[in-house]
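Reader: I am new to this structure and would like a close look at one part of it. Please start from a single residue and work outward.

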Amino acid sequence: GLVNTREMFKKAVSGGYAIPAYNFNNLEQLQAIMVACAETSSPVIVQVSKGAREYANQTMLRYMAMGAVRMVREMGSNIPIALHLDHGDTFELCKSCVDSGFSSVMIDGSHHSYEDNVALTRKVVEYAHAHDVTVEGELGVLAGIEDEVQAEHSTYTKPEEVEDFVGKTGVDSLAISIGTSHGAFKFKVKEGEEPPPLRFDILAEIERRIPGFPIVLHGASSVVPEYVELINKYGGKMEGAVGVSEEQLRRAAASAVCKINIDSDGRLAVTARVREFMAKNPGEFDPRKYLGAARKELVKLIKHKNEAVLGSAGKA
Ligand code: G3H
Ligand code: 13P
Ligand code: ZN
C-alpha cells in the first residue's frame, strides 16, 4: 500500500538525490506519474492540493491513489508511493486527510506568526504521528506570482529559526523559501537575461544548523520553455513565463533538499499537447485522443525529471 515519507527521505538525503512530488487532479495525471515512476524505478510522492480536493473530491483522489498503487504492482513494480496533502492550512483539514488514509500531510503555517506556526504544526504532528503519518512544515514565505519583484516580496527562511522549529514541532521535513515561487511566472526577467539564482547560501546555513534534516523545495517547476513556445504557437498567451533552471534544481537535489514539488510543468505539458492536438485535428472530438496525447507528454516529462534532474531514477 501507501507508505509515509520517512524511509524515502532518509535514503534521499544520504544518497544526494530528491524524491519527486507531483501534484495530481485527474486520472490522466495520476496514470502518467505512476507509469513514468514505475518505468524509471523512482520512489514517488503524489500530492493533493486544496484546489485538487475542491476539483476532484478528497475521497475520490484517495481511492484513485490506492488504485494507482494496485496498477503499479500489477505492472510488476515495487516502488514506494506516498499520498501527501499539499499546503494543508488547518488542523481539521490535516486530520481529515490522516483519517481518510493519506500517508503524509503538509501543514503550511508559514503565513502565521512564528509562535502560532509552531503551535499549529505541533498539534498536527501529534495527531499524524499517532497514525504513522509524516508531516511537512514550512518556514518562510514563497513569493506570489503577482509580486512585482520576486525577491523583494518573498520572505526567505530565517536559518536561525529552523533548529528551534523542528525541535519544538517534531516535523519530519521542512519546506523552505530560498527564492522559488509557485506558478509559471516565477521571475521577472528582461529579454536574454537569466533568472536570479536561488539562495544557496541560505540553504547552506540551514543545513549547517540541522544537518541531515529533510528539506523540501516548493515552486520548483522549470517552466519548460518548449511547452511555453508550443502553447504560444497554438493560440495561447504566456509571454514571460519562466521557472527554475534544471541546473539549479540539480544542485538543490544534491544537497539536503530531498523533496521537490512539481505542478506547473505538468500543467504546461498538458496544455501544450492539448492545444497542439486541437489545432491539428479540428474534427476530433474524443477526449481520449487529446488527453491521451497530453498523458503521453506527461510520461516523457516525468521520466526526464526523475532521470536527469532529481536523480531519483533507479532509487526505488
Ligand atoms: O501549491 C500550489 C500547487 O501548485 C497547487 O495548486 O491549489 O491550484 O491546485 P492548486
Ligand atoms: P510549481 O508551481 O513550481 O510547480 O510548484 C508546485 C508546488 O510547490 C506545489 O506545492
Ligand atoms: Zn507548494
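In which loop is D89 found?

Author: Keep in mind that this is a predicted model. D89 is found in the loop between β3 and α5. Helix α5 covers residues 91–100. Strand β3 covers residues 81–88.

Is D89 buried or exposed? Neither label fits. D89 has 17 C-beta neighbours inside 10 Å, so D89 counts as partly exposed. Being buried would take 20 or more, and being exposed 12 or fewer.

Now look across from D89 to K50. The two residues are 39 apart in sequence. In space, they are 8.7 Å apart, C-alpha to C-alpha. K50 is one of the residues around ligand 1. That leads to the ligand.

The shell around ligand 1 consists of N23, S49, K50, G51, A52, D86, H87, H182 and D263. Helix α3, residues 50–56, and strand β3 each supply at least two of them. The helix α3 gives the most, with three residues. By class, this shell has one nonpolar, five polar and three charged residues.

H87 deserves a pause. This member of the shell around ligand 1 lies in strand β3. Its phi is positive, about 55°, although H87 is not a glycine. Is H87 buried or exposed? H87 has 21 C-beta neighbours inside 10 Å, so H87 counts as buried.

N57 makes a useful companion. N57 also has a positive phi, about 80°, and is not a glycine. N57 sits in the loop between α3 and α4, and helix α4 covers residues 58–74. N57 is exposed, because it has 12 other C-beta atoms within 10 Å.

Next comes ligand 2. Its surroundings hold 14 residues. The closest are H218, S221, N261, D263 and S264. Three elements give two or more residues to this shell: β3, β8 (257–262) and α12 (264–280). So which names link the two ligands? D263 is listed around ligand 1, and D263 is among the closest residues to ligand 2. Strand β3 gives residues to the shell around ligand 2, and β3 supplies residues to the shell around ligand 1. The shell around ligand 2 divides into two nonpolar, nine polar and three charged residues.

Move on to V224. V224 sits in the loop between β7 (215–217) and α10 (225–233). V224 is buried, because 22 other C-beta atoms lie within 10 Å. Which residues does V224 touch, not counting those up to four places away in sequence? They are D265 and L268. V224 and T271 are 47 residues apart in sequence, and 12 Å apart in space, C-alpha to C-alpha.

Now the interior. In soluble globular proteins, nonpolar side chains tend to be buried together. The largest nonpolar core here has 90 residues. Within this core, I33, V46, V105 and I260 touch the most other members. Helix α2, residues 27–40, gives the most to this core, with eight residues. Take I33 as a case. Leaving aside neighbours within four places in sequence, I33 is in contact with Y22, F24, V44, V46 and I302.

Step back to the whole chain. The secondary structure comes to 13 helices and eight strands. Of the 316 residues, 50% are buried. A compact globule with 316 residues would have a radius of gyration near 20 Å, and the chain has 19 Å, which agrees. The C-alpha trace spans about 60 × 50 × 35 Å along its principal axes. Take the contacts between residues at least 6 apart in sequence: 74% join residues at least 24 apart.

How far can the picture be trusted? The chain averages a pLDDT of 96, and 97% of the residues score at least 70. Among the elements, strand β1 (residues 19–23) has the highest mean pLDDT, 99. Helix α7 (residues 150–153) has the lowest, 50. Over residues 145–151, the pLDDT is below 50. Beyond near neighbours in sequence, that stretch has 13 contacts in the model. Where pLDDT is low, the predicted coordinates should not be read in detail. For the complex, the predictor gives an ipTM of 0.98 and a pTM of 0.97.

Key. Residues are numbered from 1 along each chain as its sequence is written. Chains are lettered from A and ligands numbered from 1 in the order in which they are written. A residue is near a molecule or strand if its C-beta atom, placed from the backbone, lies within 6 Å of it. Helices (H or I, at least four residues) and strands (E, at least two) are DSSP runs, numbered from the N terminus. Ala, Val, Leu, Ile, Met, Phe, Trp, Tyr, Cys and Pro count as nonpolar, Asp, Glu, Lys and Arg as charged, and the others, Gly among them, as polar. pLDDT is the predictor's confidence in each residue, from 0 to 100. Two residues are in contact if their C-beta atoms, placed from the backbone, lie within 7 Å. A nonpolar core is a set of buried Ala, Val, Leu, Ile, Met, Phe, Trp, Tyr and Cys residues joined through C-beta atoms within 7 Å. The radius of gyration is taken over C-alpha atoms; the globule rule is 2.2 Å times the number of residues to the power 0.38.
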